[in-house]
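Trainee: I've got a model open on my screen and I'd like to learn how to read its empty spaces. Could you walk me through it?

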Amino acid sequence: MLKGSQSWEFKKRPVIAGTATIVGPDEGSGPLGNEFDIVHGDAMVGEDSWEKAEKKMLEEASKLAIENAGVTKEKIQFYVGGDLMNQIISNSFAVRTMQTPYIGIFGACSTSMEGLALASMMVDSGYAHYVMAGTCGHNSTAEKQFRYPTEYGSQKPPTAQYTVTGAAAAVVTNHGHGPVVTGATIGRVVDMGLKDPFNMGAAMAPAAVDTLQAHFRDFVREPDYYDLIVTGDLAKVGHQIATDLLHKHQVPIDRTTFSDCGLMIYDLQKQNVQAGGSGRGCSATVTYGHILKRLKKGELKRVLVVATGALHSPLSFQQGKASPASPMPWQSKARCNKHGLDAVCLGFCHRRRDLRDRAALDGCDEADAGAYDEHAGGGGCDCRRDHDREEKPLRPLHRICGSGSHRTDHELRQFACARRAQRAEAARRHRDHHRDFRSDECGDIGGDHLFLPGVAGVQTARITTVILRKASGL
């Protein structure tokens with residue numbers, strides 16, 4: 001039933017009868033490695049592509065969740081799930097082997113709790129007896145689609161996050177024993193104007209705070225009602241912003257344990273994961289693998305999982321849209337008026353030059369080309385040395401980038417100098433952004449925010465919260 005303005009209360013308390021979590025080698029090496037059902041030693045999972053590996057992990061998780069629930073796959077009446085691949089192909093291709101009626105959803109990294117909330121609603125309303133909720137992710141598939149392929153070897157700023165390689169599934173039913181789902185709050189789309197695909201935590205934090213406030217308002221509760229409140233993948237940067245914003249709005253979050261799945265799944269001191277974990281597999285594997293086990297042991301009695309998702313898209317920027325559309329009918333947006341930054345050059349904060357620069361600088365030594373590449377923040381480039389150097393034959397530009405251009409050597413060198421100067425300015429602004437980074441009024445983030453043309457547009461975020469309790473009898 002509807003509770004307040006944007007929450008559901010499940011009177012029949014759907015039971016999570018069985019779960020399964022499958023992760024990759026990095027996740028298995030983290031603090032929660034012993035909590036997962038299967039840890040693969042190879043991120044390829046025996047397949048010949050990253051996408052096939054992601055699909056295979058979800059198939060394994062779905063099969064194992066059914067076994068752990070003590071039922072057969074024929075009893076699963078609906079499957080609710082999604083992922084980050086185009087047309088959510090990992091879920092679509094995995095579910096075809098189950099031959100189960102399929103409801104595909106997309107909530108970015110909030111998909112895990114969005115699926116669990118919908119599955120619980122179907123069971124609570126009596127429209128199904130057994131529903132499976134699942135999601136999956138892979139570090140390499142996400143990097144290739146939303147940032148740069150892993151083969152590019154790009155550097156990452158400290159605000160970047162490491163996409164979790166993992167899959168998780170849960171079987172929800174209307175009877176039996178196990179942790180129960182007592183309610184859910186559906187978050188709104190919040191757009192604070194952030195354009196940096198390497199800073200998802202800052203984009204999602206205001207949405208997490210907005211949803212938490214709505215949840216406490218709808219259920220008339222305080223944070224200390226829960227033993228644990230955990231966000232999905234804000235990681236180090238976003239979690240601190242969310243904490244500051246909750247304090248600013250006088251939400252007594254310090255009265256309970258407030259953590260983040262992206263901080264729990266990796267050891268930030270020993271593993272090279274920048275600000276922490278992210279991805280649709282992050283909150284799913286931590287919730288189904290670690291938190292539910294603590295509920296079953298009685299270490300926790302009430303938990304609020306706040307799954308977070310950044311809704312950025314390469315396509316929306318390429319089409320000139322300010323932000324991607326939300327699939328939810330109750331969306332609303334609030335924009336930050338401080339930032340109207342235009343596009344900056346491709347590849348800021350990366351050591352490698354793009355193909356056009358390589359063509360233009362063919363034959364130049366690294367000292368002339370390294371002002372930006374070393375990320376030292378130089379104020380420009382040494383154009384004179386480039387132009388005074390003896391002309392050397394250049395490879396045709398169209399051979400390298402397929403542009404069909406036939407620029408002269410002089411034009412190419414001018415292009416290279418302009419590009420390096422542009423990159424140096426981007427590096428300076430990027431450093432200033434991280435130095436001046438702070439949270440202001442309701443997530444009004446200070447500093448300049450850069451974005452990669454053709455890689456991501458404005459990030460919006462949507463949050464789904466799910467309440468978990470120890471057992472159906474409580």
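Mentor: Sure, let's begin with the lining of the largest cavity: by class it has 7 nonpolar, 4 polar and 2 charged residues. Here Ala, Val, Leu, Ile, Met, Phe, Trp, Tyr, Cys and Pro count as nonpolar, Asp, Glu, Lys and Arg as charged, and the others, Gly among them, as polar. Keep in mind that this is a predicted model, where local features need pLDDT of at least 70, side-chain atom pairs count only at pLDDT 80 or more, and totals for chains, interfaces and linings use all residues. Residues are numbered from 1 along each chain as its sequence is written, and side-chain values use heavy atoms, with hydrogens and water left out.

Trainee: How do you find a cavity, and how many cavities of 30 Å³ or more are there?

Mentor: Rolling a probe the size of a water molecule over the atoms shows where empty space is left. On a 1 Å grid over the protein atoms alone, a cavity is a set of points where a 1.4 Å probe fits but cannot get out; a pocket is an open set with protein on both sides within 12 Å along at least five of seven lines, and lining residues have an atom within 4 Å of a point. Points are joined across faces, edges and corners, and the volume is the space filled by probe spheres set on them. This chain has 1 cavity of 30 Å³ or more. The largest cavity holds about 90 Å³. It has 13 lining residues, and Leu84, Phe146, Arg147, Met200 and His312 are the closest to its centre.

Trainee: What is the volume of the second largest pocket, and which element gives the most to its lining?

Mentor: Its volume is about 220 Å³. α2 gives the most to the lining, with 6 residues. Both α2 (50-69) and α3 (89-95) give two or more residues; helices (H or I, at least four residues) and strands (E, at least two) are DSSP runs, numbered from the N terminus. The lining includes Leu58, Glu59 and Lys63, and by class it has 5 nonpolar, 2 polar and 4 charged residues.

Trainee: Is strand β10 mostly covered or open?

Mentor: Covered: 7 of the 7 residues in β10 (residues 180-186) are buried, meaning under 20% relative accessible area with a 1.4 Å probe, protein chains only. Across the chain, 58% of the 474 residues count as buried.

Trainee: Which residue in β10 is the bridge partner of serine 7?

Mentor: That's threonine 185. Strand β2 (residues 7-9) runs antiparallel to β10, joined by 3 bridges; two strands pair if DSSP finds at least two bridges between them.

Note on methods. Buried means under 20% relative accessible area, exposed over 50%, partly exposed in between (1.4 Å probe, protein chains only).
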